[in-house]
Amino acid sequence: MTNNAIGQLTRKEERMQKLLQWTPWCAWLLLTIAPPLFFLFFYFTAVEDAAVYMLLALTSMALGSASGLIVAIALLFYRRQWTARLRERLAADGITAREIPFFTSELTGLERRVLKQMKSHSPLLADAYCETLALRLNATRIVSKANRQLQTVRQQINRASRITGADASTLLKELELDQSRLQTLQDAGRRNLAEVETRLQTIEAAATRGAGWPEANLVRQRLDEGTSHPPLALETARLEQQAREDVESEMREVKRQP
């Protein structure tokens, strides 16, 4: 693999990733169904000993299902290992928005849910969300790596400080300098992580704010129309009541006349 390909997703890897998505289940299905179908063909075409072929079909189905399950588990394990190696290689030069599908296991449940909703309702916001998720993953990895290295350096400082019979001052100065650099990297990573998480929440709020606005606006328009135009039955009843009152008023006037 050339240096230009380090950290970049190749078409071969994309095809491999798609193939590994279906291979375990296809292998299980093939090993479960193919042998019984083979013996069932002879069962329906055989003139004699048809029961033997039926017995072989049932036996091969059980054995094929078990062997297919073993093969599927092995392929799932291989896919997991292959994907883990691919993620580490892709993350070597930083995760990009295009590579987010390979890192869904590192996303939180809320992030996966929000991203799925955005892709169906607001593709532009989904693109911005993917880019910010990539930044979040990079910042998280930097902080985690700095934490691990800091623990290692602190252990080395503890061991160096217990050295007796030799001058370990130079080693301690170098280790303390490494510790200071890692602490600075960790603090910067935490600040970047906080900024990125704030941006993620901003995009989520924008998506939530805009998701129900068209429906709410339509309901509001219908409500305005309903309040400005009362129901026809109500208006008819009001006119009938007014007509009865007018008739009763005229009859009272007629009775009052001599």
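How are H1 and H2 oriented to each other, roughly parallel or roughly antiparallel? In this predicted model, the axes of helix H1, residues 11-45, and helix H2, residues 50-90, cross at roughly 175° and come within 7 Å. Angles over 145° count as roughly antiparallel, and H1 and H2 are therefore roughly antiparallel to each other. The residues that make up the contact of H1 with H2 comprise 28 nonpolar, nine polar and three charged ones.

Turning to the interior, the largest nonpolar core has 23 residues. Those with the most contacts inside this core are Ile100, Phe103, Met118, Tyr129 and Leu133. At least two core residues come from each of H2, helix H3 (109-121), helix H4 (123-161) and helix H5 (169-211). H4 gives the most, with six residues. Phe103 is a handy place to look at the surroundings in detail: leaving aside residues up to four places away in sequence, Phe103 touches Arg87, Leu90, Ala91, Ile95, Leu137 and Arg141. There is also a second, separate core of six residues, with Val153, Ile157, Ala160 and Leu175 among them.

Cysteines deserve a brief word for anyone at the bench. The structure holds zero disulfides. Cys26 has a relative accessibility of 46% and so counts as partly exposed, a class that lies between the 20% and 50% limits. Cys130, in contrast, is buried, its relative accessible area being 10%, and buried means under 20%.

Note on methods. Residues are numbered from 1 along each chain as its sequence is written. This is a predicted model: local features need pLDDT of at least 70, side-chain atom pairs count only at pLDDT 80 or more; totals for chains, interfaces and linings use all residues. Side-chain values use heavy atoms; hydrogens and water are left out. Axes are lines fitted to C-alpha atoms, for helices over the stretch in contact, and angles run from 0 to 180 degrees between N-to-C directions. Helices (H or I, at least four residues) and strands (E, at least two) are DSSP runs, numbered from the N terminus. Angles under 35 degrees count as roughly parallel, over 145 as roughly antiparallel, 65 to 115 as roughly perpendicular and the rest as oblique. Ala, Val, Leu, Ile, Met, Phe, Trp, Tyr, Cys and Pro count as nonpolar, Asp, Glu, Lys and Arg as charged, and the others, Gly among them, as polar. A nonpolar core is a set of buried Ala, Val, Leu, Ile, Met, Phe, Trp, Tyr and Cys residues joined through side-chain atoms within 4.5 Å. Buried means under 20% relative accessible area, exposed over 50%, partly exposed in between (1.4 Å probe, protein chains only). Contact means heavy atoms within 4.5 Å. A disulfide is a pair of cysteine sulfur atoms within 2.5 Å.
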